[in-house]
Amino acid sequence: MQDSILDAVGSPLVQISSPEGATIAAKIEGFNPGGSAKDRPAREMIAAAEREGTISPGDRLVEPTSGNTGIGLAVASAARGYDLTIVMPESKSPERRKLLKAYGADLELVDGEMEDARQRADRIAEEEGAVQMGQFENPANAEAHYRTTAEEILQQVEGREIDAFVAGVGTGGTITGTASRLREEFPDMEVVAVEPERNAVLTRELSEGSSDESDGVLSTGEDEYQGMGPGFVSDLLDTDLISSVETVALEDAEAEARRLAREEGILVGQSSGAASVAARRVAERLAKPELNCSEASTDLGESAASDGGPRDGRDDCPLVVTVFPDSGERYLSTGMFD
Ligand SMILES: Cc1ncc(COP(=O)(O)O)c(C=O)c1O
């Protein structure tokens with residue numbers, strides 16, 4: 001029995017359909033109590049502020065967020081006794097608004113994108129004395145992934161080497177925290193960032209001076225994915241960790257999310273679809289087709305490894321680990337599964 005819902009944070013690592021000669025495994029973050037990876041930084045940012053004496057139960061918190069961090073903070077605020085205001089762009093899905101209200105948070109919608117939400121939250125903090133958790137700058141965001149996401153992955157791969165880690169970038173907390181811990185174990189591991197094709201600020205930042213933009217594909221634009229590609233490079237993102245960047249168009253990400261639901265029984269959101277597309281590209285590049293890697297269990301509820309059978313030898317297969325940040329239930333009203 002757990003003492004609090006906040007102790008129930010954690011998610012499974014699941015093998016997904018992989019190209020011949022490689023294995024892709026995804027961390028299914030929709031399993032967290034608030035339904036996304038953001039439960040981790042939400043819990044850690046509040047705990048860190050409590051340790052520093054900046055906040056104590058009963059205080060007012062404010063945060064600009066496209067939704068998942070808000071929901072994570074709403075879960076943690078309900079469990080710890082904080083009064084929470086969330087500022088988010090009007091364009092985000094109605095499920096997110098309803099969820100925030102269900103957890104008792106106050107919601108302020110702004111006309112515009114995340115940058116506008118950030119400015120409004122700054123004003124509320126300044127004028128009304130609310131404390132911001134500051135997910136785009138707060139080291140506790142990345143620290144949460146360093147201490148939990150990465151540690152879980154290390155246990156879940158059961159001694160297998162990880163060849164590449166692929167993750168979508170919003171605040172950069174997931175990729176910075178998780179990759180820095182995994183690199184301590186696997187110094188040669190590739191770290192691949194994923195961002196929207198039509199809002200590719202990271203691609204531009206990391207290839208400064210290149211002429212990639214001339215084809216009109218790589219440009220900054222509106223924040224079309226929910227949670228990924230905020231339109232600026234976050235202070236928290238450690239760009240030195242990144243080996244390469246993959247861009248994925250929203251329609252390809254959504255098609256992949258539909259495929260994951262229909263063919264694999266994994267219901268995930270847009271940025272998970274993008275992570276899956278990018279992870280497959282990386283796995284195809286690293287694959288050793290002469291190896292038998294993607295042998296799946298044929299018995300329900302029983303791993304093929306348990307009898308020392310077809311999984312033998314798979315430990316040599318290139319392993320790509322990715323993160324599916326949230327559940328597809330959060331996107332039903334957008335029509336992406338229709
Ligand atoms: C759905 C979704 N995908 C991806 C991300 C990116 O994660 P991070 O902010 O850790 O970079 C987020 C973050 O809010 C998200 O909500």
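User: In this predicted model, how is Arg 97 classed by its C-beta surroundings: buried, partly exposed or exposed?

Analyst: In the predicted model, Arg 97 has its place in helix α3, which covers residues 94-102. There are 18 other C-beta atoms within 10 Å of Arg 97, whereas a buried residue needs 20 or more and an exposed one has 12 or fewer. Because the count for Arg 97 lies in between, the residue is classed as partly exposed.

User: How far apart in space are Arg 97 and Glu 108, C-alpha to C-alpha?

Analyst: Along the sequence, Arg 97 and Glu 108 are 11 residues apart. Glu 108 is also paired with Ile 86, which is 22 residues away along the chain and has its C-alpha atom 6.1 Å from that of Glu 108. For Arg 97 and Glu 108, the C-alpha to C-alpha separation is 9.5 Å.

User: Is Ile 86 buried or exposed?

Analyst: Ile 86 is found in strand β4, residues 83-89, and, not counting residues up to four places away in sequence, it touches Glu 63, Thr 65, Gly 70, Leu 100, Ala 105 and Leu 107. Within 10 Å of Ile 86 there are 28 other C-beta atoms, and the cut-off for burial is 20 or more. Ile 86 is therefore buried.

User: Which residues is Val 321 in contact with, leaving aside its neighbours within four places in sequence?

Analyst: Val 321 belongs to strand β10, residues 319-324, and it counts as buried because it has 25 C-beta neighbours inside 10 Å. Its C-alpha atom is separated by 5.8 Å from that of Ala 26, although the two residues are 295 residues apart along the chain. Once neighbours within four places are set aside, the contacts of Val 321 are Ala 25, Ile 153, Ile 162 and Phe 165.

User: Which helix gives the largest share of the largest nonpolar core?

Analyst: In soluble globular proteins, nonpolar side chains tend to be buried together. The largest nonpolar core here has 60 residues, and those touching the most other members are Phe 165, Val 166, Val 194, Ala 278 and Val 320. The largest share of this core is seven residues, and it comes from helix α9, residues 270-286.

User: How many residues are in the second, separate core?

Analyst: The members of this second core include Leu 6, Val 9, Ala 42 and Ala 49. It is separate from the core described before, and its number of residues is 27.

User: At about what angle do helix α1 and helix α5 pack?

Analyst: Two packed helices are described by the angle between their axes and the distance between the axes. For α1 (residues 39-52) and α5 (residues 139-156) the axes are 8 Å apart, and α1 passes α5 in a right-handed crossing. The contact between α1 and α5 has five nonpolar, four polar and four charged residues. The angle at which these two helices pack is about 115°.

User: Which residues are the closest to the ligand?

Analyst: The ligand is surrounded by 18 residues, and by class this shell has three nonpolar, 13 polar and two charged residues. Helices α2 (68-80) and α6 (173-185) each supply at least two residues of the shell. The closest residues are Gly 170, Thr 171, Thr 174, Gly 227 and Ser 271.

User: Near what value is the phi of Glu 158?

Analyst: Most residues other than glycine have a negative phi. Glu 158, whose place is in the loop between α5 and β7 (164-168), has a positive value instead. This residue counts as exposed because it has 9 C-beta neighbours inside 10 Å. The phi of Glu 158 is near 50°.

User: What percentage of the residues in the protein chain is buried?

Analyst: The protein chain has nine helices and 10 strands. Among its contacts with a separation of 6 or more, 74% are accounted for by residues 24 or more positions apart. Of the 338 residues in the chain, the buried ones make up 50%.

Technical notes. Residues numbered from 1 in each chain as written. Predicted model: local features only at pLDDT ≥ 70, side-chain atom pairs only at ≥ 80, totals over all residues. Axes fitted to C-alpha atoms, helices over the stretch in contact; angles between N-to-C directions. Helix = DSSP H or I, 4+ residues; strand = E, 2+ residues; numbered from the N terminus. Left-handed = near helix turned anticlockwise from the far one by under 90°. Nonpolar A, V, L, I, M, F, W, Y, C, P; charged D, E, K, R; others polar. Core = buried A, V, L, I, M, F, W, Y, C linked by C-beta atoms within 7 Å. Near = placed C-beta within 6 Å. Contact = placed C-beta atoms within 7 Å.
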